[in-house]
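Dear colleague,

I am handing over the structure below, together with some notes on its side chains. Please read the notes with the coordinates open beside them.

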Amino acid sequence: MAHQLRAVGLDFIGIAPVRLVFTQEMSAPPEAVFHALAEDVPGWEEWFSAVTLARSTGDGSTREIHLKGGGRFQETILAAEKPEVYAYRVDVANAPGARAIAEEWRLTPTGTGTRVRWTFAADGTAAFRVVAKLGRAGLGRAFRDAVRTLDGRLAERHS
């Protein structure tokens, strides 16, 4: 059952009770990565294997995301600062025990490529927080696989 989460701002990324941070290098430049994250929302279905539906809603300041396994989220974009940061919070979710979730994708140039840092920030019931922390390995693997897949797709488009 979907429920409303607490509205949080960008500051939540740094202070959330659960913060999972992952970093991966890409050969694609930050502008191309930012475009894939923020401007080609339906494209997430092609490179992030956990995502089964991704679409902008409203005037583009909100998104609807569906995940394998049945996760459903309505999100609000918190920051879209090209080509450095893309962040959003979850407003409505069907994740039991979740009270607040925000995610930030921070892009840093490295030579001709990009260092991608993804932060998953969350709060919820004690059980939710434990499960979120136990999910670190799986989330990290999903992130690394998604970034590698995206990097391959961006390389194909720009070759």
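Is Phe 143 buried or exposed? In this model, which is a predicted one, Phe 143 has a relative accessible area of 0%, and it is therefore classed as buried.

The aromatic residues take up most of these notes. A search of the whole structure gives 14 aromatic pairs. In one of them, the ring centres of Trp 47 and Trp 105 are 6.3 Å apart and the planes stand at 85°, so the pair is classed as edge-to-face. This pair links distant parts of the chain, since Trp 47 belongs to helix α3 (residues 44-47) and Trp 105 to strand β7, with the two positions 58 residues apart in sequence. Both partners are buried: the relative accessible area is 4% for Trp 47 and 2% for Trp 105.

Another aromatic pair is formed by Trp 118 and Phe 143, and here the geometry is stacked, with 5.7 Å from centre to centre and 20° between the planes. Trp 118 is part of strand β8 (residues 113-124) while Phe 143 is part of helix α5 (residues 136-157), so the pair ties together parts of the chain that are 25 residues apart in sequence. Trp 118, like its partner, is buried, in its case with a relative accessible area of 3%.

The residues of both pairs also belong to one aromatic cluster, which includes Trp 47, Trp 105, Trp 118 and Phe 143, and which has Trp 44 and Tyr 88 among its other members. Arg 63 is placed against two of these rings: it lies over the face of Trp 44, at 4.6 Å from the ring centre, and its charged end sits over the ring of Tyr 88, 4.2 Å from the centre of that ring.

A charged residue in strand β7 may also interest you. Glu 104 is located in this strand, which spans residues 98-110, and it counts as buried because its relative accessibility is 7%, where the cut-off for buried is under 20%. The side chain of Glu 104 makes a polar contact of 3.1 Å with the side chain of Arg 106. Leaving aside residues up to four places away in sequence, Glu 104 touches Ile 13, Val 85, Tyr 86, Ala 87, Arg 117, Trp 118 and Thr 119. Two of the residues in that list, Tyr 86 and Trp 118, are also members of the aromatic cluster.

With kind regards

Terms used
Residues are numbered from 1 along each chain as its sequence is written. This is a predicted model: local features need pLDDT of at least 70, side-chain atom pairs count only at pLDDT 80 or more; totals for chains, interfaces and linings use all residues. Side-chain values use heavy atoms; hydrogens and water are left out. Helices (H or I, at least four residues) and strands (E, at least two) are DSSP runs, numbered from the N terminus. Buried means under 20% relative accessible area, exposed over 50%, partly exposed in between (1.4 Å probe, protein chains only). A polar contact is a pair of N or O atoms within 3.5 Å; within protein, one must be able to donate a hydrogen and the other to accept it, and residues adjacent in sequence count only if both atoms are side-chain atoms. Contact means heavy atoms within 4.5 Å. Rings of Phe, Tyr and Trp (its six-membered ring) pair if their centres lie within 6.5 Å; planes under 30 degrees apart count as stacked, over 60 as edge-to-face and the rest as tilted. A charge sits over a ring if NZ of Lys or CZ of Arg is within 6 Å of the ring centre and within 35 degrees of the ring normal.
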